[in-house]
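Please open the structure in a viewer and keep the selection panel at hand. The tour proceeds by selection, with a short account of what is found at each stop.

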Amino acid sequence: MIKPLFQNVIIVINGSEASIHAAQYGILMAKLYRCNLKAVYVVDTATIKQLTLGKFFVQDEGRMYEDNLRSDGNRYLEYIANLGKAKGVRIETELRTGAVWSEVIMAADEMKANLILLGGYKSDMNSAPIEKHDAVSSSNFAIITNAHCSVLVVREKMIEQLYKLA
């Protein structure tokens, strides 16, 4: 018997619309394929530390910024859990701290994930190109190149409508 391609799926949440779409995609996958979902939000303390060391932040500002990110992360994870609950899907949530890409990979390894879902940016010919060195895209690139399991960048145009229909 062939084992399913994915039983354990990590969804990377960063508060962007694209990461919410990745969560909706994951919820639909869980409904169809009965896989386990875990949403992970990482407070990027590695970047905060660099900004503090580079004198862009004083230490108090860094702590305050980290607290704000932690609060945002908990709010986003609660929102994602509620999206799943609305469709009868249980989503485990986890808030982590550190470098985004390495924490996501560690979470995936700990869960024995078969798949990581990342939110993808919509490519629009009329919009300005996305900077290659943007923090989110560099984290996504590092996840894609270093993950020990498959990574799917969600770009489904109709995901909100599909989610509502499910």
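The stops below cover the nonpolar cores and then one loop residue of this predicted model.

**The largest nonpolar core.** Begin by selecting Ile-13, Leu-37, Ile-80 and Leu-117; within the largest nonpolar core, which has 25 residues, these four touch the most other members. Next, colour β1 (8-13), α1 (17-33), β2 (36-44), α3 (59-86) and β4 (115-119), each of which supplies at least two residues of this core. The largest contribution is that of α1, with 6 residues. In soluble globular proteins, nonpolar side chains tend to be buried together.

**Leu-37.** Centre the view on Leu-37 and display its contacts, leaving aside neighbours within four places in sequence. The residues in contact with Leu-37 are then Val-9, Ile-11, Gly-26, Ile-27, Ala-30, Val-89, Arg-90, Ile-91, Glu-92 and Met-111.

**The second core.** Select Ala-113, Ile-116, Leu-118 and Ile-143, which are among the 15 residues of a second, separate core.

**Glu-156.** Move now to the loop between β5 (150-154) and α6 (159-165), where Glu-156 lies. Is this residue buried or exposed? Glu-156 is partly exposed, because its relative accessible area is 34%, a value between the limits of 20% and 50%. Show Tyr-25 and Leu-162 as well: apart from neighbours within four places in sequence, these are the residues in contact with Glu-156. Add Ala-22 and draw the C-alpha to C-alpha distance to Glu-156, which is 8.8 Å although the two are 134 residues apart in sequence. Finally, select the backbone nitrogen of Met-158, which lies 3.2 Å from a polar atom of the Glu-156 side chain.

Technical notes. Residues are numbered from 1 along each chain as its sequence is written. This is a predicted model: local features need pLDDT of at least 70, side-chain atom pairs count only at pLDDT 80 or more; totals for chains, interfaces and linings use all residues. Side-chain values use heavy atoms; hydrogens and water are left out. A nonpolar core is a set of buried Ala, Val, Leu, Ile, Met, Phe, Trp, Tyr and Cys residues joined through side-chain atoms within 4.5 Å. Buried means under 20% relative accessible area, exposed over 50%, partly exposed in between (1.4 Å probe, protein chains only). Helices (H or I, at least four residues) and strands (E, at least two) are DSSP runs, numbered from the N terminus. Contact means heavy atoms within 4.5 Å. A polar contact is a pair of N or O atoms within 3.5 Å; within protein, one must be able to donate a hydrogen and the other to accept it, and residues adjacent in sequence count only if both atoms are side-chain atoms.
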